[in-house]
Each structure stands twice: as C-alpha cells, then as structure tokens.
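Hi everyone, thanks for coming. Today I'd like to walk you through a structure that may be new to you, so please have a look at it with me.

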Amino acid sequence: MTAATASSAPTWTSMTRSRLVVELKEFLRSREQMVFIFFFPMMLLLLFGSVFGGQEIADGVSFAQYFLPGMVASGILNTGFQSLAMSIAIDRDEDVLKRVHATPLPATSFFAAKVAQVLIVSVVQIAALVAIGVAMYDASLPSGSGWWTFTWVFLLGTAASTTLGIAMSSLLRNAKAGSAIITPIVLFLQFTSGVFLVYTQIPTFLQHVAAVFPLKWLAQGMRSVFLPESFEAAEASGSWQHPATAIVLTLWVIAGLVLAVRTFRWTRHDDN
Amino acid sequence: MLARLDPMSEPAIRIEGLHKHYGDLHAVDGLDLEIPHGEVFALLGPNGAGKSTTVEILEGFRKRTAGEVTVLGVDPHHAGKGWRGRLGIMLQGTSEHGALTARESLHYAASLYSDPRDVDATLEAVGLAEKAGAKPATLSGGQRRRLDVALAVIGRPELVFLDEPTTGFDPEARRQFWTLIESLREDGTTILLTTHYLDEADHLADRIGIIAAGRMVALDTPVGLRSRAADARVSWVEGGTARTVETATPSALLRELLARTDGEVEGLEVVHPSLEDVYLQLIDDASRGHAETEEAVA
C-alpha cells in the first residue's frame with residue numbers, strides 16, 4: 001500500500017484529459033449510446049435514403065440529399081441534448097456524480113470533458129453521415145465559405161444542445177423515465193423542423209412552433225452547407241437566414257447555460 | 001504526519017453543536033465531537049440515527065442547520081478542490097453502473113491526486129488483483145465495495161470517510177478489509193467509519209461514538225464502553241421457573257444460590273456483558289428518553 005508512483009501535481013489540463021478518456025470509454029462501451037445515439041442517424045439516412053431517396057423535392061435536389069443535412073443537425077441534437085440529458089440523469093441517480101464531486105476533479109474539468117466528448121462523437125458521426133451521403137446519394141462536400149458556415153452552425157448547435165442537455169438532466173427526476181420524456185420531444189422537433197419531412201411541406205403554424213426551437217435553425221443552417229445555392233429560394237423564407245440562425249442559436253446557448261448552471265446538482269433530488 | 005498542513009493542535013475533525021433538521025425531523029440534534037489526527041473513529045448507531053447525515057455534512061455534501069464544523073481545518077461547506085485532494089470518501093451504497101474496469105477506474109482516480117498510491121498495489125491490498133479487468137456489473141456486491149475502498153484511498157488521503165464499508169462482505173473479505181484499515185492507520189491516516197458491526201468497531205476503532213436520535217449517547221474506547229456494563233447476568237431455573245438476575249457481584253449471588261440448592265442448579269448460566277449488550281442498552285435507553293434503566297429482565 002505504501003509504494004508510491006512517480007508523479008507530479010495534476011493540472012487542470014491533465015485532469016480534463018483523463019476525464020475525457022473516461023467519458024469516451026463510457027460512451028463507446030455503452031450499447032445504448034452507440035446504437036441509439038451514434039449509429040441511429042446513419043441507419044435512418046440509409047433507410048429514408050433507400051425508400052424516398054429518388055424523389056426530387058426541388059431542381060437537382062433529391063429527398064436523400066435534403067435528408068442528409070437534417071440528419072447531421074439531428075445527430076448534433078442527439079449527441080448533445082438527448083445523450084447528455086440521459087447519461088447525466090442516470091449518473092446522478094446512481095451517485096456517479098456524487099462520487100465525481102468527492103474527488104479533486106474541478107467542475108469545469110468535468111463539463112469540459114463532457115463537451116469535448118460530445119464534440120468528438122459529433123464530428124465522427126457527421127463525417128460518417130457525409131461519407132454515406134457522398135458515396136450513395138450524390139451529396140457534395142461544402143466548398144470554401146461552406147466550411148466556415150458549417151463550423152459556426154456546428155459549434156453553436158452543439159453548444160445549445162449540450163447546455164440544454166445538462167439543464168434537461170436536472171428535470172429528469174427519475175432517470176429511468178428519462179427516455180419516455182426526451183424521445184417524444186426530440187421526435188416532435190425532428191418532424192416539425194425539416195428533418196424527417198420537408199420543412200415547407202408542413203403546416204405553417206407547425207413551422208412557427210418549430211422556429212422557436214434550435215433544431216429548425218440547425219437543420220436549415222446545415223442545408224445551406226450541403227445543398228446547392230439554388231435551393232435557397234426553396235426555403236420557407238426564400239433565404240438561408242444566417243443572421244437569424246446565429247441569433248436564435250446564441251439565445252438558446254445563453255438560455256441553456258443559465259438553466260444548466262442554476263439547476264445542476266451533484267446529488268439526487270431526494271438527497272439533501 | 002509532520003508534513004501535514006494543519007497545526008497539530010487542530011483536530012482532524014471538530015464538530016460543535018451540530019444540528020440538521022428536515023422540517024420537524026431533527027436528524028442531528030446537537031452533536032459535539034473532536035477526532036484527533038491519526039485516530040480511527042467508529043460511529044455506531046441504528047438506522048436513521050443520524051450517522052450518514054453527520055458524515056455527509058463532514059464530507060461537504062449536505063448543508064447543516066446549525067453548529068460549527070471543521071474538517072482538516074476547513075469548513076466543508078466552503079471547501080475547495082485542494083481540500084478534496086486531502087480526503088478519501090467512500091459513500092454508502094455502491095453502483096453497478098460504469099463501463100470502466102477496476103484498474104481503469106483506479107488509474108483515472110490516481111491521475112487526480114499529486115501523490116497517489118500504486119494502482120496494482122492498491123488492487124492487491126483490497127483483494128481485487130484477480131478482478132482488475134472486471135467491470136462493476138460483473139463484480140459481486142462485496143467486490144464493488146472493495147473497489148470503492150480502493151478508490152477512497154488511492155489518493156493517499158490524510159482523512160478517510162468510510163460509510164458502512166463492509167456491508168455485504170463475507171467474513172474473509174471483512175478480515176482482509178480490517179488488515180487494510182490497520183495498514184492505513186500505520187501510515188497515520190485519520191479514519192472515520194460508520195458501521196452496524198460491533199465486532200468491527202471493537203477491532204478497528206481507537207474510540208467509538210454511539211449515536212441515537214441525532215445525539216451522542218456514548219463516546220469512549222472499546223474497553224471503556226465494555227466496562228460500563230459491570231453487571232453480569234446470572235440465570236437459572238428454580239421451582240420450574242426461569243430466573244435472571246443482573247448483578248455486580250455474581251460470585252456472591254452464586255454462593256447464596258448454591259447454599260440453598262441441593263445438587264445441580266438447573267440451567268445455570270453466568271454471562272458477562274458483551275459490547276453488543278452495552279450498545280443495545282444504550283440505544284434502548286436513548287429511545288426511551290432516559291439514561292438509567294437498570295431493571296432486571298425476568
């Protein structure tokens with residue numbers, strides 16, 4: 001018991017790095033996370049792509065091509081919001097968070113590692129989705145300014161999803177019931193935000209409802225990256241609405257951050 | 001011990017007038033306690049007595065209603081991560097959740113402390129060397145508790161909290177755990193453990209605090225506690241009726257009993273009180289709300 005290992009004082013960076021390794025292992029080794037969060041958008045892309053793929057929804061844009069940015073957006077929501085909300089709620093229920101809090105790991109390291117894990121998983125997921133889109137559905141990679149748009153839409157979308165996911169975890173008082181609460185929310189957003197259905201084809205009042213939430217803007221932003229410029233005219237507003245996208249997503253990031261910080265707790269709700 | 005940050009005059013744990021109320025329930029109701037550095041202290045009491053509430057206040061997980069608390073010279077409610085680095089905490093209860101193997105968990109935990117113990121040596125010490133590659137779901141309840149112990153001590157803490165550490169252990173695992181605690185004590189580690197097992201407290205602790213209804217009803221060394229119940233219990237059968245007398249002078253009672261009985265005394269038994277008897281008596285007294293109950297049980 002007394003044998004010491006050669007070591008130096010841990011730094012914020014070294015602790016965050018070792019926590020990130022833990023988070024990645026937890027994600028990669030969880031069958032639920034890998035199937036329902038990581039592979040699900042790819043399975044849906046292949047399924048919808050093969051069923052409706054050939055239908056043209058606008059000049060030179062097939063449904064499969066329209067579906068790709070929707071799945072990219074939806075993947076960001078799954079990995080940030082759904083996966084984090086569920087995993088943090090379960091970790092709280094199982095006293096995993098309490099154990100984390102009992103160690104010298106700074107809270108900022110803990111959250112930085114969570115965010116880094118979401119970013120890494122999302123990037124790999126999006127790369128796989130785009131590879132499928134390019135290989136099977138004639139999707140084209142963004143060019144030039146498209147990458148810049150992709151980067152800021154991706155980062156704002158991930159930031160909004162992650163902060164809202166952390167906030168949501170506090171609302172799930174019973175983690176086991178979590179997916180029963182989260183899945184309908186995510187499904188509703190996917191159907192109304194231009195992911196499963198073409199946004200302009202759903203009733204206007206549902207479009208207005210969806211426009212309150214981040215997914216609609218995230219999906220539209222990704223369409224501006226992956227669809228030809230000519231499709232801009234086919235959007236509901238006739239525009240990609242980049243400034244509005246940036247504003248709405250930023251507001252959600254702020255709302256998510258405030259909610260997450262105000263509601264987060266390391267211990268169970270019945271544990272005080 | 002000499003390199004520790006605290007002046008030695010400051011105890012590892014100091015509690016003065018601690019109260020924790022949940023509405024009308026006074027879970028902790030005026031507790032005072034000092035635990036010096038290097039002591040192994042056992043907190044005993046029935047379920048709901050306030051043991052875990054007290055420990056969780058000391059660990060900085062719960063707010064207190066009133067009173068002063070310092071742990072390693074710091075108020076746990078306002079303590080930072082530097083303070084956490086000097087503590088080892090084993091929570092009550094364990095979890096099957098988690099995708100890391102025992103060794104991976106310990107490697108990760110070790111990376112958070114500046115002078116951690118060796119991972120393999122610690123696995124060995126808690127008897128999990130052969131299960132190093134197993135995940136929590138494939139460990140037994142007792143093995144998960146041993147992993148929790150390992151995680152609590154991996155950072156070479158000055159002070160370790162062990163909340164019902166050996167619940168679910170088989171006798172051999174419990175003995176092995178005791179050896180581990182003794183080796184921690186030799187390193188000068190201060191240990192506060194809660195337990196339901198009197199033999200464990202008796203074996204390990206320098207001092208035992210017995211807590212009932214949120215109050216300390218006894219605070220003594222194991223030897224001191226045992227000596228509290230001076231009365232031996234003499235029982236026999238006389239005229240077809242079982243009789244039991246508690247007396248400080250059992251020999252005198254026996255002389256008198258033998259003098260008036262021909263031949264064998266039926267069912268004769270002289271029992272000296274165990275720590276358990278003392279404990280049960282103290283808990284019983286506390287629940288009746290008075291300190292002296294010295295009646296013979298017929």
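I'll talk about the domains of one chain, then about the nonpolar cores.

One thing to keep in mind is that this is a predicted model.

Let's start with chain B, which is divided into domain 1, residues 13-225, and domain 2, residues 226-288. Taken over C-alpha atoms, the centres of these two domains of chain B are separated by 37 Å. Where they touch, domain 1 of chain B puts in 13 residues and domain 2 of chain B puts in 11.

Which elements give two or more residues to the domain 1 side of that contact in chain B? They are the helices and strands α7 (198-204), β8 (207-212), β9 (215-220) and α8 (222-228) of chain B. The largest share, 4 residues, comes from α8(B). As for the kinds of residue on this side, 11 are nonpolar, 1 is polar and 1 is charged.

Now to the cores. The largest nonpolar core has 78 residues, and among those with the most contacts inside it are Ala42(B), Leu106(B) and Ala150(B). Helix α5 of chain B, residues 141-153, supplies the largest share of this core, 6 residues. Both domains of chain B take part too, with at least three residues drawn from each.

Let me zoom in on Ala150(B). Leaving aside neighbours within four places in sequence, Ala150(B) is in contact with Leu106(B), Thr122(B), Leu123(B), Val126(B) and Leu128(B). Apart from this core lies another one, of 55 residues, including Ala64(A), Ala73(A), Met86(A) and Ala89(A).

Thanks for listening!

Note on methods. Residues are numbered from 1 along each chain as its sequence is written. Chains are lettered from A and ligands numbered from 1 in the order in which they are written. This is a predicted model: local features need pLDDT of at least 70, side-chain atom pairs count only at pLDDT 80 or more; totals for chains, interfaces and linings use all residues. A nonpolar core is a set of buried Ala, Val, Leu, Ile, Met, Phe, Trp, Tyr and Cys residues joined through C-beta atoms within 7 Å. A residue is buried if 20 or more other C-beta atoms lie within 10 Å of its own, exposed if 12 or fewer, and partly exposed in between; C-beta atoms are placed from the backbone. Domain bounds come from an automatic or database domain assignment. Two residues are in contact if their C-beta atoms, placed from the backbone, lie within 7 Å. Ala, Val, Leu, Ile, Met, Phe, Trp, Tyr, Cys and Pro count as nonpolar, Asp, Glu, Lys and Arg as charged, and the others, Gly among them, as polar.
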